[in-house]
Each structure stands twice: as structure tokens, then as C-alpha cells.
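Thank you all for coming; I would like to take a few minutes to walk through one structure with you. Please have a look at it first, and then we can go through it piece by piece.

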Amino acid sequence: MAPEVIKAARTSSKPESRTLSNGHPIRSPAPRPVFLNLTQIQIPVGALTSIAHRVTGIVLALGFPFCLYALQLSLASAKSYEQLRGMAGSEWFKVALIAFIWALSHHLLAGLRHLLMDIGIGSHLADARRSAWAANVGGVVMAALAAGVVL
Amino acid sequence: MNRSLGGLTPWLIQRLSAVLMLAFIGFVLAHFLVDPPASYEGWRSWAGEPGVGIAACLFSVALLAHAWVGLRDVTLDYVKPLATRITVLTLIALALLGTGLWIFRILWLGRA
């Protein structure tokens, strides 16, 4: 068949399809159903773990410069080391530290869960739900332990 | 699918760096539980040990790579317009590069 015939056949079979500048057709997908009623939407425990994994990753990235600053103070001189010890006594420092430890613990546990699933451990639904619960609760437990130590 | 945006490489980087960071965090945590540094001198001399320095360097490289893949994935998911996307990715890359230089400076300070 000549190329012109193919082109004609394509355009005739999909009359509303658009084409790229090089002539290739773009198939526009049918609109997907969207359901965003927050009072009725189902969030399985694994979805919660997944969302929290993302959020805690961003929190860790934003919090890391503060950790670096603390590390710098702790190493630069005996004076700056004492300065950091003084800062560590303040309430805002403790609250930030506990929040950071929650983020780190959750991210670490959820990440460990992914690594185990990658090698075939716990990827069936019941196990996956259990480990999702474990990651969510484990992060909070670690934060509570940290709170017990620093507060 | 654009090969430079997806595929095995970022997936593998994310997992290898995660394992490396887990090992380092375990090592530091164990040290702090068994033999917590009691003073500035003790802390500094531990941080200045060559083994600790090398491990910290490896950890830092893993962390920067891990942060890049993670923040990149989040950006690709939520920032669709190309110009904004490139801007955001550039800012993230610059921030991570600056963080890398800062880490290098601190680790050097710790060894001096």
C-alpha cells in the first residue's frame, strides 16, 4: 500500500485525532473518572505509608542543612561545641529533633519495607498491610522514645 | 518513555544508596550506644579517625544521590510545565551541589 493511502486510512478511521508536527497521530485518552470526596475516599494503610514516605523524604531533605549546621558547630571548636549544647537545651530544638527523628524513622522503616519487597519478602497483600502498619506505628514509637529521652 | 527520566538506573541508585546509608546509620548509632563521646575532644578525635571520615564521605555521596533521585521523582510527578520543571530541578541540583561542598568543608575541618 502506498504511504498516502495508509495516511488517508489512518485519518479516516480516527477523524478527531490530532497529529504532531511530524505527522504522527496523538491519541487523546478518554477522560478518567475522578473521585475526590475526602469524606468517602478510601485510603488503605499502604497508601498512608506511601504518602508519608514521600512527605518524610521531603522533610529530611529540608532538615538536613540544620543537621549539617549542628555537625559543623560540634566539630569547629570547643566553644561552638558548647554553643550547640546550649541550643540543644531549648524547647524548639527538642521539638524539631523529635519531629526529625519521626521523619527519619518512618522513612527508614518504609524504605526497609520496600527493600524487603524487592527481594520478595512481604509482597502479598496481608503481609504488605501488616508491614505498612509496622512502619507507620514504628515511626511514632521511635519518636515517642526520642521524646522520652530528650524531654 | 524517555529513557533519561525512567528506567533501572535511578531505581538502583535509590536502593544501593539506601543500603549504604542504613549501614552507616547503624554504625554511628552503635557507637553512640556503646561508647558515647563524653567531651568535645573525644567527639572530635572519633570524628577525625580515617575510617570514620571515609565512611562519612561514602554516606554523604549516597545521601546526595538519594536526595537527588527522590526530589527529582517528586518534581517530575507534580511539576508538569517544562520551564518550571527545569527551573525547579536546577535549583534542587544547585542546592545539593552546595550541600556537597559544605559537607566536604566540615569533614575537612573535622580531620584537621
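Let me begin with a small question: in which helix of chain A is A:Val149 found? The answer is helix H5 of chain A, and I should say at once that what we are looking at is a predicted model. A:Val149 counts as exposed, because it has 11 C-beta neighbours inside 10 Å, and the cut-off for that class is 12 or fewer. Its C-alpha atom lies 9.9 Å from that of A:Ile98, although A:Val149 and A:Ile98 are 51 residues apart in sequence.

Staying with H5(A), which comprises residues 125-150, we can ask how it packs against H2(A). The axes of H2(A) and H5(A) are 8 Å apart and make an angle of about 45 degrees, and the two helices are therefore oblique to each other. Their crossing is left-handed. On the H2(A) side, the residues that take part are A:Val45, A:Gly46, A:Leu48, A:Thr49 and A:Ala52, and they meet A:Ala128, A:Arg129, A:Ala132, A:Trp133, A:Ala135 and A:Asn136 of H5(A). Sorted by class, this contact has seven nonpolar residues, three polar ones and one charged.

H2(A) also turns up when we move to the contact between the two chains, to which chain A and chain B bring 16 residues each. On the side of chain A that touches chain B, at least two residues come from each of helix H2 (45-76), helix H3 (78-88) and helix H4 (91-118), and the largest share, eleven residues, is that of H2(A). Ten residues of this side of chain A are nonpolar, four are polar and two are charged.

Helix H4 of chain A is also where A:Leu112 lies. With 17 other C-beta atoms within 10 Å, A:Leu112 is partly exposed, since 20 or more would be needed for a residue to be called buried. A:Leu112 and A:Ile43 are separated by 69 residues in sequence and by 22 Å in space, C-alpha to C-alpha.

Finally, let me turn to chain B and its helix H3, residues 50-78, where a simple check on length is possible. At 1.5 Å a residue, its 29 residues should span 42 Å, and because the end C-alpha atoms are 42 Å apart, the two values agree. The buried residues of H3(B) are B:Ser60, B:Ala62, B:Leu63, B:His66, B:Ala67, B:Trp68, B:Gly70 and B:Leu71.

Definitions and conventions. Residues numbered from 1 in each chain as written. Chains lettered and ligands numbered in written order. Predicted model: local features only at pLDDT ≥ 70, side-chain atom pairs only at ≥ 80, totals over all residues. Contact = placed C-beta atoms within 7 Å. Helix = DSSP H or I, 4+ residues; strand = E, 2+ residues; numbered from the N terminus. Nonpolar A, V, L, I, M, F, W, Y, C, P; charged D, E, K, R; others polar. Axes fitted to C-alpha atoms, helices over the stretch in contact; angles between N-to-C directions. Parallel < 35°, antiparallel > 145°, perpendicular 65-115°, else oblique. Left-handed = near helix turned anticlockwise from the far one by under 90°. Expected span 1.5 Å × (residues − 1).
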